[in-house]
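User: Could you take a close look at one helix pairing in this model for me? I'd like the packing described residue by residue, plus whatever context helps place it.

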Amino acid sequence: MTTLIDLQPPGSSPEPGDDKTPRKIPRSLSRADRIFRWSTTGIGAVVLVITGAIAAFLGYQLIPTLHHYGLHFFTENLWQPQSNVLGIEQVLIGTVEVAIIAIIFAFPLALLTALYISEYAPSWLRGFLTPMVDLMAAIPSILYAMWGVFLINPHALYVARWLNEYFGWIPVFHVSGGQPRAAVFVLSLYQSSPFIAGMVVSMMIIPIACAVMLGVFGQAPLSEREGAYALGSTRWGMIRAVVLPFGRGGIVGGTMLGLGRALGETIAVTLILSLNTDVKFRPLEEGGVTTAQLIANYFGEATSAQLSALLAAGFVLFAMAIFVNTIAAIIVSRSRSGALTEI
Amino acid sequence: MTEGEIVSGVSAPVIDAADTTDFTANVTGASLDADRVSAWFGTNKVLERVSLSMAPGIVTALIGPSGCGKSTFLRILNRMHELVPSAKLAGEVRLNGQDIYAPGSPVTVTRRRIGMVFQKPNPFPAMSIGENVLAGLKLTGLKAGRNARTALTEECLQRAGLWTEVKNRLHEPGGSLSGGQQQRLCIARSLAVRPDVLLMDEPCSALDPTSTRRIEETIAILRNQVTIVIVTHNMQQAARVSQQCAFFLAEQGTPGQIVEFGSTKEIFENPRDPRTSDYVHGRFG
C-alpha cells in the first residue's frame with residue numbers, strides 16, 4: 001500500500017478519474033490511537049532489544065575466549081580451571097545427549113497424554129486434566145530436581161542396570177566396568193548418569209509438549225471427524241486419519257519446544273549428574289556434563305578469562321536454544337493456520 | 001396435529017406409475033424403518049414420535065424449514081446423533097428389520113452399512129484423491145488386494161460421476177478439487193464401503209447450479225443401487241430427485257414432527273395439509 005503511494009511523482013496531484021496513478025488516500029490516526037500505537041510499539045521493541053543485548057553480550061565473550069584458548073576451545077573435552085585447560089567438546093555433546101534422552105521419554109508420554117485428554121477422556125475429566133497439565137508446568141524446577149535426587153536416582157539405577165544387562169552389547173547401553181549379572185554390583189556405577197538426569201528433565205518438558213499438542217488436536221475439524229465416523233471408523237481409525245495428520249505440526253512443534261527447554265535445564269541436571277567431561281557415549285554410566293551445569297558449577301571460582309569461556313559456552317547454548325525454538329514456532333504457527341483444511 | 005395423523009404417515013405411499021417405470025428387477029439396497037423416534041438435546045426435545053419407511057429403489061426427501069429436526073432425524077438413522085454429548089433418543093430404527101440401536105449391534109458396522117454425505121464437502125486433506133476414495137477400507141479394517149483397490153477406485157468414482165475428471169490426477173490431494181468435485185469425491189468415498197443406504201444432508205447447499213445438477217444425476221443413477229434419503233431446502237430439488245417426501249415442521253415451542261408424508265407428486269401437487277401446501281408453494285419457511 002505504502003509503496004504504491006510512494007510511486008506517485010511528487011507534486012503531481014492526479015485529476016479525478018485519472019486511472020494512470022493510484023489515488024492517495026490520506027490516513028490519519030486519532031490522538032488516542034497514535035499514543036497507544038507508539039507505546040505498544042515501544043514496549044514490543046524492548047523485548048527485541050533485551051534479547052539482542054543478551055546475544056551481543058554473550059557473543060562478545062567469544063573474542064577473549066578464542067584469544068586465550070584458541071579454536072581448541074571447541075575441540076578440547078577437558079575443563080580444568082587449575083591447569084587452565086578449557087574446552088567444551090564434551091559439554092556440547094553432553095547437553096544434546098541429556099536433551100535427547102529427555103525427549104525419548106517425554107515424546108511418547110506427552111503424545112499419549114494429549115491424545116487421551118483430547119480424544120478419549122469424558123468431558124468432566126478433560127476439564128480437570130487440562131489445567132492439571134498446565135499446573136505440572138508451573139511446578140518449580142528445584143522441586144523436580146529434589147524429586148529426581150531422592151526418588152528417581154536411587155531407583156532408576158535398577159532400570160539402567162536391567163538395560164545394561166540385556167542390551168549391553170549395543171554400544172549406547174554399555175557401562176564400562178559394569179557387571180550387571182554379578183551378585184554384588186557397584187550401585188554408584190549406574191547412578192547420577194545422563195540417563196537418569198534426562199528422565200527427570202523429561203518430566204519438566206512433558207507439560208509444555210503436551211499443552212501444544214492438546215491445543216492443535218482440539219482444532220481438528222469436526223466435519224472431518226464426522227466424515228471418518230460416517231464411514232464406519234473406529235475412534236482410533238478416526239484419530240489416525242484425521243487428528244494425527246492435522247496435528248502433525250503441533251506434535252513436531254511441541255516436541256521441539258520441549259527440546260528447547262531440555263537443552264537449558266540447569267538445576268535438576270546440576271544436582272543429579274555427577275560432573276565428568278570424559279568423551280563417552282554411555283548414557284547409562286555415572287557421570288556426564290551439560291552446558292548449564294558447567295556454568296552453574298564453575299561460575300563462582302572462575303578467573304576473568306575462564307568467566308569469558310563460560311559465557312562463550314553459554315552463547316553456544318543460547319544459539320542452540322534460539323534455533324530450536326524458532327523452528328518450533330514456525331512449525332506450530334504453520335500448522336495452526338489451518339490453510340490445508342480450508343475449502 | 002394429532003397422533004393419528006402422524007401414524008397415518010407410516011403406511012407406504014402410493015407411488016405413481018410414472019415414478020415406477022425404471023424400477024428394475026435388480027434393485028439393491030436395504031429397507032430402513034424409523035419407528036416412533038423421539039430425540040432430545042439435553043432436556044430440549046427436538047423430535048416427537050417420528051415414523052418413516054424408506055424402501056429400496058426409492059429416493060426419500062426430507063423437507064421443512066430450518067430447525068424442524070430433519071437433520072437430527074437423518075443423523076439418528078446412522079447413529080451420528082450420539083456423537084453430540086448431550087444427545088438422547090427414543091424409539092427404534094430398523095435396517096432390514098434389525099434395530100440398529102439394539103444392544104450388541106456394533107455402531108461401526110451400522111455406520112458402514114448406512115453411509116452419509118454432509119452439507120459441507122469433507123474430504124480428508126492429508127490424503128490424495130485415490131486415498132480418499134479408499135479411506136473407508138482403511139478405517140474399517142477391510143483388506144483388498146492391489147488390483148481390487150484399483151478397480152474399486154474406478155468403479156466408485158464412475159458411480160459418483162467424477163471418474164473422467166480425476167482419472168489422471170488420483171495422486172493429487174483431495175483438497176485440490178472444486179467444491180462440487182469434492183462433494184462427488186465424498187459420495188465416491190461413501191460408496192467404496194458398499195453401503196445399503198446413503199444419507200445425504202443438504203449435499204448441494206454449498207454448490208453452484210452446475211455441480212448441483214451433476215450430483216442430482218448421480219443420485220438418479222445410484223437410486224437403484226442404494227436406498228437414498230436426502231435432506232434438502234430446495235423444493236425444486238426435492239421434486240426432481242425424490243419419489244417420496246416427508247414434510248417436517250416444528251411449530252412454536254414444540255418438537256419437530258412429520259406433518260405429511262406421501263409420494264413426491266402428491267406432496268407437491270395435491271397436499272392434504274394446508275401447512276404443507278403453504279411450505280411447498282413458498283408461502284413460509
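Analyst: Here is the pairing of α5(A) with α10(A), followed by its surroundings.

First, some housekeeping. This is a predicted model, so local features need pLDDT of at least 70 and side-chain atom pairs count only at pLDDT 80 or more, while totals for chains, interfaces and linings use all residues. Residues are numbered from 1 along each chain as its sequence is written, and chains are lettered from A and ligands numbered from 1 in the order in which they are written.

Now the pair itself. Helix α5 of chain A covers residues 89-120, and its axis comes within 9 Å of that of α10(A), crossing at roughly 145° (axes are lines fitted to C-alpha atoms, for helices over the stretch in contact, with angles from 0 to 180 degrees between N-to-C directions). Helices here are DSSP runs of H or I with at least four residues, strands are E runs of at least two, and both are numbered from the N terminus. The crossing of α5(A) past α10(A) is right-handed, the near helix being turned clockwise from the far one by less than a right angle.

Who touches whom? On the α5(A) side, the residues include A99(A), A102(A), I103(A), A106(A) and F107(A). Across from them, α10(A) offers, among others, I239(A), V243(A), I251(A), G254(A) and G258(A). A contact means C-beta atoms, placed from the backbone, within 7 Å. By class, this patch splits into 14 nonpolar, four polar and two charged residues (nonpolar is Ala, Val, Leu, Ile, Met, Phe, Trp, Tyr, Cys and Pro; charged is Asp, Glu, Lys and Arg; the others, Gly among them, are polar).

α10(A) also has business with the other chain. The contact between chains takes 19 residues from chain A and 26 residues from chain B. On chain A's side, α9 (222-230) and α10 (235-264) are the elements that give two or more residues, with α9(A) supplying the largest share, seven residues. That side of chain A has nine nonpolar, eight polar and two charged residues.

Zooming out, chain A holds 13 helices and two strands. Its C-alpha atoms fill a box of roughly 95 × 65 × 35 Å along the principal axes. An assignment, automatic or from a database, divides chain A into domain 1 (2-53) and domain 2 (61-337), and their centres, taken over C-alpha atoms, are 45 Å apart.

Terms used
Contact = placed C-beta atoms within 7 Å.
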